[in-house]
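Visitor: I should like to learn how to read a protein model, one feature at a time. May we begin with a single residue and work outwards?

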Amino acid sequence: MDTFSQYALLLIIALGGFFYVSQVLAIETTSILIIACLALVPGLLETKDVFSGFANEATLTIAAMFVLSRALIRTGALEFVAIRMGHAAGGSLPHLLLLTALVVVPSSAFLNNTPIVIMMVPVLLSLCRQFDIKPSKVLIPLSFFSILGGTCTLMGTSTNILVNSLYRDYAAASADEAFKAQYGNGFSLFSFSQMGLIYLGIGVL
């Protein structure tokens, strides 16, 4: 990579960060423009790699998770959850937080945690209005519960899925046949569970 390409890369990163933070453009638009700029500047990204990410199994898995989460919204399953949580909480903030943890943590472990948050936000806002609770007291714990629950399994968070995909690619490209045979299949569903449960226990407390 020559000097021009290095400066161009730094400029793209700086402008991308500015547009992500300011949201002058939609996040999706900014992401596409970054890919286009990386492809247009010589020496940064080969043509065959421009769209390779869209064919990555991690990307497809995350997309499937969003489809599943949208189906839960469209079927009205969340209305049942909101009604049951409202009755069980009885207007108590500690009870509502505990119920949120019981619903969000296992859901985030076996579905992608981002759509779980998207689904639960309107439910919790409705309960906050009903119980006269400040939304910030519930929405911030919601975010933490989803993150902690997502760390417990391979499929719980987009980061774990992406790391697993990169790990498998690395193992496949390794010249060490023993390493390839042992680690070529990537992580198992519960490879992260031991540490994830420790983080979860501390975080819930």
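Visitor: In which helix is T100 found?

Guide: This model is predicted. T100 is found in helix α5.

Visitor: Is T100 buried or exposed?

Guide: Relative accessibility decides the matter, and buried means under 20%. T100 has a relative accessibility of 1%, and therefore counts as buried.

Visitor: What does the side chain of T100 reach?

Guide: The side chain of T100 reaches the backbone oxygen of L96, at 2.7 Å.

Visitor: Which residues does T100 touch, not counting those up to four places away in sequence?

Guide: With that restriction, T100 touches M85, V105, L124, L142 and F145. Let us follow one of these, L124. Leaving aside neighbours within four places in sequence, L124 is in contact with M85, L96, T100, V138, L139 and L142.

Visitor: How many residues does the largest nonpolar core have?

Guide: A nonpolar core is a set of buried residues of certain kinds, joined through side-chain atoms. Here the largest such core has 24 residues, and those with the most contacts inside it are M85, L96, M120, L124 and L127. The elements giving two or more residues to this core are α4 (77-89), α5 (93-110), α6 (113-131) and α7 (136-150). The largest share, eight residues, comes from α6.

Visitor: Where is L127 found?

Guide: L127 is found in helix α6. With a relative accessible area of 2%, L127 is buried. L127 and A109 are 18 residues apart in sequence, and their C-alpha atoms are 24 Å apart in space.

Visitor: How may one read a helix as a whole, and how many residues does α8 have?

Guide: An α-helix has 3.6 residues a turn, so residues three or four places apart point the same way. In this model, α8 has 16 residues and reaches 23 Å from its first C-alpha to its last, close to the 22 Å expected at 1.5 Å a residue.

Visitor: Which residues in α8 are buried?

Guide: In α8, the residues N160, I161, N164, S165 and A171 are buried. Seen down the axis of α8, the buried residues fall within an arc of 140°, so they line one face of the helix. The face turned away from this buried side carries the exposed residues L166, Y170 and A173.

Visitor: Where does L162 lie, and why does L162 count as partly exposed?

Guide: L162 lies in helix α8 (residues 158-173). L162 counts as partly exposed because its relative accessibility is 42%. Between L162 and F80, the C-alpha to C-alpha distance is 33 Å, and the two are 82 residues apart in sequence.

Methods:
Residues are numbered from 1 along each chain as its sequence is written. This is a predicted model: local features need pLDDT of at least 70, side-chain atom pairs count only at pLDDT 80 or more; totals for chains, interfaces and linings use all residues. Side-chain values use heavy atoms; hydrogens and water are left out. A nonpolar core is a set of buried Ala, Val, Leu, Ile, Met, Phe, Trp, Tyr and Cys residues joined through side-chain atoms within 4.5 Å. Buried means under 20% relative accessible area, exposed over 50%, partly exposed in between (1.4 Å probe, protein chains only). Helices (H or I, at least four residues) and strands (E, at least two) are DSSP runs, numbered from the N terminus. Contact means heavy atoms within 4.5 Å. The expected span of a helix is 1.5 Å times one less than its number of residues. The arc is that of the directions from the helix axis to the C-beta atoms. A polar contact is a pair of N or O atoms within 3.5 Å; within protein, one must be able to donate a hydrogen and the other to accept it, and residues adjacent in sequence count only if both atoms are side-chain atoms.
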